[in-house]
Amino acid sequence: MPSPLLPIRISDLRLVKGDRAVLAGINLTIGEPGITVIMGPNGAGKTLLLRCLHGLIKPDQGQITLGQLSVTDSRDQQAMVFQHPVLLRRTALQNLAFAVPEIARSEPQRLLRALESVHLADRADQPARMMSGGEQQRLALARALLSKPALLLLDEATASLDPASVLLIESLVKTQSAQGTKVILVSHDQGQARRLADDVVFISGGQVAEQSPANQFFTAPETPVAKAYLAGEILL
Amino acid sequence: MNALAEAFRLIITLDADLFEILWLSIRVSLIALAISAVISLPLGTWLAITKFPGRKFCILVLNALMGMPPVVVGLLVYLLLSRSGPLGWMGLLYTPSAMIIAQAVLITPIIAALSNQVIENLHQEYRDTFYSMGVTGRRAVVAYLVDARYALTTCILAGFGRAIAEVGAVIIVGGNIDHLTRVMTTAIALETSKGNLTLALSLGTVLLVLSLLINALVIGVREYAAKRQYA
Amino acid sequence: MKHLVLLIALTFSTQTLADTIIVQSTTSTQNSGLYDYLLPILKKDTGVQVNIVAVGTGQAINNAMRCDGDMLLVHARSVEETFVAEGYGEYRRNLMYNDFVIIGPEADPANVAGSRDVNEVLLRIVQAGAKFASRGDDSGTHKKERSLWQAAAIDPDTGSGQWYLETGSGMGATLNTGVSLGAYVMTDRATWIAFANKQDSTILFEGKPALFNQYGVIPVNADKCPNVNREAAETFTQWLLSETGQAAIGSYQVEGKQLFFPNANDNLNSSIELK
């Protein structure tokens, strides 16, 4: 079942911070299911684009539609995992229960299964914030997936995590995508992008520089800036 | 030194008058605290997480009210509760209820302003996640109150300390009536005016010990919270 | 919010009791311990529970004018009579008397002890450049003290903050200030005798008619203040004026000294003999 929030159409998205256009007219259509990886140098506007999609930032100008819906109307079908997981000052299980109170009431065993899926079943009653960074991010992902989102956004969610957590999160994201959830993921990690991406959106200077299927992007990028980036020549 | 010895004697002999006064002090301040907390914690939280025009001004007023002299609070509550005042028909003047109201009025802005700052910090952290999870309104307020519980406990204890040490307001609205509205602070004021400085000081020592216990509790709560990553 | 107020009202509703009254009182009667002595006797005799709010006479009268009391027990006769004349009080009766005294450091730097009368006392204080601590709070004692300055044709306000120190506080607080500063203070005798922080101050001048201190008692007028507990206030007033009450007042002693002299029968008090 394809995600009801497709296609995602973004037209002429602009955002000015101070006197700098951090989003300088983004035009983008994402029509295919699967995993879209947004790449680009630091400060290109990747995270801002993701936050606009989620409704965390109101752009100064431009349109976003997801399927037939606006950002606001699609919000309860979206979920987002941030770079730094924010967990409540409660136990792991209570963190899940807080995110989905109805499920916690009607099918509490689903919460336990969610904990199992991120290998945290034995940590259910531990204070979430005493867990390691990788464990916290796994819990945040489990929390995001419990609402069965049609669109899952990940903002450098595995940056600086332990390798085991990274692999576990990647496999869960893949599974989720296979079940029909559209995934959009911002990543700096080229290895991860190669492992996960079905297609890549390359952003530079607040604009879309290139949008290609993954194998094409990594083998033969069209733009010089993407080429330079893949070659590791652009760090900033 | 005499005062210390006298304070010690009053405590170990379970002096009946002392314990009556002490118990009334604690009871009045606890009830005032309960009433104040029910109002001030949600208010402080709501002001921290809701955007509306005039919000900054509200917080400014709240902070200004923190410094309101107790005597002024006492006077306002007195005029309100006076038999010729708007609430005179309730017959509350010169009762412990009047003292409770005065203390509640006095500490509500304090707890609200302190909790507002606590919640504002937490809101910085939680805002995006709560938005993402669609947590708003009453659910958000409750979640903030629950998650900030340890920090808020210290706000509340600060309010209690202020309430129980306060004399200016309660002496006006309570009248310092023996066996009815005489609390630790008004008893100290009375004994001072009678020239019984040693007794006054020993009562003060008892109050100080109470304050020490409260502050020890605050520190204990903080340490516990920090240790368990709840702070 | 309304529920909350009612809840507190229920938590402590004491004032609605039929036989409880509030007496707005001068501080000297409380600080001297008179009420601690009288009220248990009254309770046994009549069952009336009296709650004392001890403030200065001026504040007591103001509070009573706002109906925040069922009775007045104060000591500023002219103000009391005005209070009754304006309809706030039912009537006024003499209750008891004692006298004011001038206290100061034993060394008596202004040598007031040898004065012939109060005028001379005040004059010597001013001339010696000594300090004088005044209540400054519109109380009965304060009014009395101001009338003495006036009689001596001295305006102490010109020295306000220098030698004339207005504490704006009760008798006890003013005595604490005066004693600490080695200042002269005019105080009622009862408060002074019961005062426990005398240090090296002592009575230096006393026993002149000008220092007479009359206490009066006034039930608050129920026509002005419908909330007053007229019956219980009347019971207390009449008990105070009765032989039992007067005898009780006369028998109260601190350190072997009688503090108040009952005189309910003398409503002229033309020539009270001072001890």
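Domain bounds here come from an automatic or database domain assignment. Keep that in mind as you move through this predicted model.

**Stop one: chain C, by domain.** Select residues 2–97 together with 212–262 of chain C and colour them as domain 1, then give 100–211 another colour as domain 2. Taken over C-alpha atoms, the centres of domain 1 and domain 2 of chain C are separated by 27 Å.

**Stop two: where those domains meet.** Here, 19 residues of domain 1 of chain C are in contact with 17 residues of domain 2 of chain C. On the domain 1 side, show α2 (27–31), α4 (57–65) and β9 (212–219) of chain C, each of which supplies at least two residues. The largest share of that side, three residues, belongs to α2(C). Colour the domain 1 side by class and you will find six nonpolar, eleven polar and two charged residues.

**Stop three: chain C against chain B.** Bring chain B into view: the contact takes 26 residues from chain B and 28 residues from chain C. On chain C, pick out α1 (2–11), β2 (49–54) and α8 (171–181), each supplying at least two residues of the side that touches chain B. That side of chain C divides into 15 nonpolar, eleven polar and two charged residues.

**Stop four: confidence along chain B.** Colour chain B by pLDDT, which averages 91, with 98% of the residues at 70 or above. Within chain B, helix α5 (residues 96–133) has the highest mean, 96, and helix α1 (residues 2–12) the lowest, 77.

**Last stop: chain A.** Select residues 8–230 of chain A, listed in an unreviewed UniProt entry as "domain: ABC transporter". The end C-alpha atoms of residues 8–230 lie 26 Å apart, and the span is 39% helix and 26% strand.

Terms used
Residues are numbered from 1 along each chain as its sequence is written. Chains are lettered from A and ligands numbered from 1 in the order in which they are written. This is a predicted model: local features need pLDDT of at least 70, side-chain atom pairs count only at pLDDT 80 or more; totals for chains, interfaces and linings use all residues. pLDDT is the predictor's confidence in each residue, from 0 to 100. Helices (H or I, at least four residues) and strands (E, at least two) are DSSP runs, numbered from the N terminus. UniProt positions are given in the numbering used here, feature names are shortened, and annotations may be inferred rather than shown by experiment. Two residues are in contact if their C-beta atoms, placed from the backbone, lie within 7 Å. Ala, Val, Leu, Ile, Met, Phe, Trp, Tyr, Cys and Pro count as nonpolar, Asp, Glu, Lys and Arg as charged, and the others, Gly among them, as polar.
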